Amino acid sequence: MQNEEQQQRPVLTRMGRRSDKIAGRKGKSDMAKTKTYGKYGKLIQMAARAGADPISNLKLADLMILAKELGVPKEIVDRNIKKAGDKASADFQDVQYEAYGPGGTGFIIECFTDNVNRSAGDVKAAITKSGCKNAEPGSVMFTFQRAGQILVTNTTEDAVFEAAMEAGADDVVGVHPEEEGQPSTSYKVFTSVEEFINAKKKLISLGFKVDQEATGLVYKPNAAVEVDDEAFAKCEALLDKLLAVDDVDGVYSNCDGLEI
């Protein structure tokens, strides 16, 4: 029979680890939200260059509706519509960078930027400062595939799996639950790029709750790469440094268990 001190220590350790995990997830969630706000601000700014009135500019109107659904603050929307009138501002463009992580892992970094030289410099600096290597275009990309990702929440595996197959999905992956030992209640539904829109509409029509912030086109790894604790910590450090770069809108990795 354990004494009182021995009984308490494991509980405190578990609680501490759980708190750290929840805090880490919250931090990543907050960062993802900031990235979403920034990306939609840029998209709205680009669309508004064809006209700041959403009544006559349907593309702008659609983006404003989606931004509202995602909770993008009105001041960000208004500020970027105003910026669209600045003739000196450069156009935004999509660019991707690739990196080799530790233990045979790979990373793809997406940017939506108005200054490619700045983005390239900032991203490559983040990679090298993390002790990782910049990769030539295509050298990591071939280990991923472009896919649609739909994050379904507050459901069960059986329910979402059956609905996902009906919607034409290719794969369903559970999201790690906050409570250790508890079943997942959130699932990533992966589709082909062509089936993404229809699958999302189908799942919503069936009554599933879709997290719009985490739903979109992604780079899905062909296979996860398992690494030891030291390499995993380095992957986490690289991810954090990349997400801290203003121009970075998305990061994808094949590191098994890395939450992005």
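**Note on the aromatic pairs, strand β8 and the open sheet**

1. The structure holds 2 aromatic pairs. One of them is Y219 with Y252: the ring centres lie 5.5 Å apart and the planes stand at 70°, so the pair is edge-to-face. The cut-off for that label is a plane angle over 60 degrees. Bear in mind that this is a predicted model.

2. Where do Y219 and Y252 lie? Y219 belongs to strand β7 (residues 209–221) and Y252 to strand β8, so their pairing ties together parts 33 residues apart in sequence. Both Y219 and Y252 are buried.

3. Y219 has a further partner. R146 lies over the face of the Y219 ring, 4.3 Å from the ring centre. Y219 thus has to be read with two side chains in view: Y252 in the edge-to-face pair, and R146 over its face.

4. A second charge sits over a ring elsewhere. The charged end of K220 is placed over the ring of F190, at 5.0 Å from its centre. F190 falls within strand β6 (residues 187–191), and K220 within strand β7 (residues 209–221).

5. Now β8 itself. Is this strand mostly covered or open? It is mostly covered, with 6 of its 6 residues buried. Strand β2 (residues 106–113) runs antiparallel to β8, and 5 bridges join the two. Within that pairing, F107 has S253 of β8 as its bridge partner.

6. N254 lies in the segment after β8 (248–253). Its relative accessibility is 5%, so N254 counts as buried; the limit for that is under 20%. Which residues does N254 contact, leaving aside neighbours within four places in sequence? They are T105, G106, T143, F144, P221, A223, A224 and V225. Of these, G106 belongs to β2 (residues 106–113), and P221 to β7 (residues 209–221).

7. Strand β7 also takes part in an open sheet. Its 4 strands come in the order β5-β6-β4-β7, with antiparallel pairing. β5 (171–174) and β7 stand at the edges with a single partner strand each, so one side of each has no neighbour in the sheet. On average, neighbouring strands here are turned by 25° against each other, direction ignored.

8. At the β5 edge, 4 bridges join β5 to strand β6 (residues 187–191), and the two run antiparallel. V173 stands opposite K188 of β6 in this pairing.

How values were computed. Residues numbered from 1 in each chain as written. Predicted model: local features only at pLDDT ≥ 70, side-chain atom pairs only at ≥ 80, totals over all residues. Heavy atoms only, no water. Buried < 20%, exposed > 50% of the residue type's maximum accessible area, 1.4 Å probe, protein only. Contact = heavy atoms within 4.5 Å. Pairing = 2+ DSSP bridges. Phe/Tyr/Trp six-rings, centres within 6.5 Å; stacked < 30°, edge-to-face > 60°. Lys NZ or Arg CZ within 6 Å of the ring centre and 35° of its normal. Axes fitted to C-alpha atoms, helices over the stretch in contact; angles between N-to-C directions.
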